[in-house]
Amino acid sequence: MKKRVNMSVKTLDEKDIGVLRLLQEDGRMANAKLAEQLAMSEASCWRRLKRLLDDGVIKGFQALLNRKALGFGVLSFVQLSCSRHSEKTTKIFENIIKASPNVLSCHNTTGDDDFLLQVVAKDMDDYSDFIEGVIRKIPGVVNIRSNISLREIKASSRLPLG
């Protein structure tokens, strides 16, 4: 079965949106409770959920962890500029970033810098080790600017489904 990509909210019906909303709130919600909340049969609900997974609308499920409770006291946004943009250099960059567990997200951006990373570390020494041991060793990186988060006001991965 070929996966549909870039589905818009317009191609999803009210029940699909309901499934997505409820699962964004509680990814562990049992199918029976999900079906009850949406006034659907369990079989129908399960088929919708399976279709949303198969179509790639739902990418997966994971626990949301408290980074501070786990000792990751530093959250930083790192802007990188690169001098080389060849296919080979870009592939090396992407492989290093993907392999780094400290990098929560990486975005190729417009503006003065080429990439924006969201990085966690245990403390400032750990963060410094990451910058020196990983980022500074990436071929072509010529500028590194870090913005350390002083206080996290909102952190969410929930999409506004209307």
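Let me start with a network of salt bridges: Asp13, Asp16, Arg48 and Arg51 are linked in it. Keep in mind that this is a predicted model. A search of the whole structure turns up seven salt bridges, and I will go through three that belong to this network.

Start with aspartate 13. Its side chain meets that of arginine 48 in a salt bridge, at 2.8 Å from N to O. Where do aspartate 13 and arginine 48 sit? Aspartate 13 is in the segment before helix H1, which covers 14-25, while arginine 48 is in helix H3, residues 42-54. The two are 35 residues apart in sequence, so their pairing ties together separate parts of the chain. As for accessibility, aspartate 13 is partly exposed, with a relative accessible area of 33%. Is arginine 48 buried or exposed? Arginine 48 is buried, at 17%, because the limit for buried is under 20% relative accessible area.

Next, the second contact of arginine 48. Its side chain also forms a salt bridge with aspartate 16, again given as 2.8 Å from N to O. This pair links distant parts of the chain, with arginine 48 in helix H3 and aspartate 16 in helix H1, 32 residues apart. Aspartate 16 is buried, and its relative accessible area is 2%.

Now stay with aspartate 16 and turn to arginine 51. These two form a salt bridge in which the closest N and O atoms are 2.6 Å apart. Here too distant parts of the chain are linked: aspartate 16 belongs to helix H1 and arginine 51 to helix H3, with their positions 35 residues apart. Arginine 51 is partly exposed, at a relative accessible area of 26%.

To put the network together: arginine 48 pairs with aspartate 13 and with aspartate 16, and aspartate 16 pairs with arginine 51.

Last, the cysteines. How many disulfides does a search of the whole structure find? It finds zero. Take cysteine 82 as one case. Its sulfur lies 9.2 Å from the closest cysteine sulfur, which is in cysteine 106, and that is too far for a bond. The cut-off for a disulfide is a pair of cysteine sulfur atoms within 2.5 Å. Cysteine 82 counts as buried, at 13% relative accessibility. Another cysteine, cysteine 45, is buried as well, with a relative accessible area of 0%.

That covers the salt-bridge network and the cysteines.

Definitions and conventions:
Residues are numbered from 1 along each chain as its sequence is written. This is a predicted model: local features need pLDDT of at least 70, side-chain atom pairs count only at pLDDT 80 or more; totals for chains, interfaces and linings use all residues. Side-chain values use heavy atoms; hydrogens and water are left out. A salt bridge is a side-chain nitrogen of Lys or Arg within 4 Å of a carboxyl oxygen of Asp or Glu. Helices (H or I, at least four residues) and strands (E, at least two) are DSSP runs, numbered from the N terminus. Buried means under 20% relative accessible area, exposed over 50%, partly exposed in between (1.4 Å probe, protein chains only).
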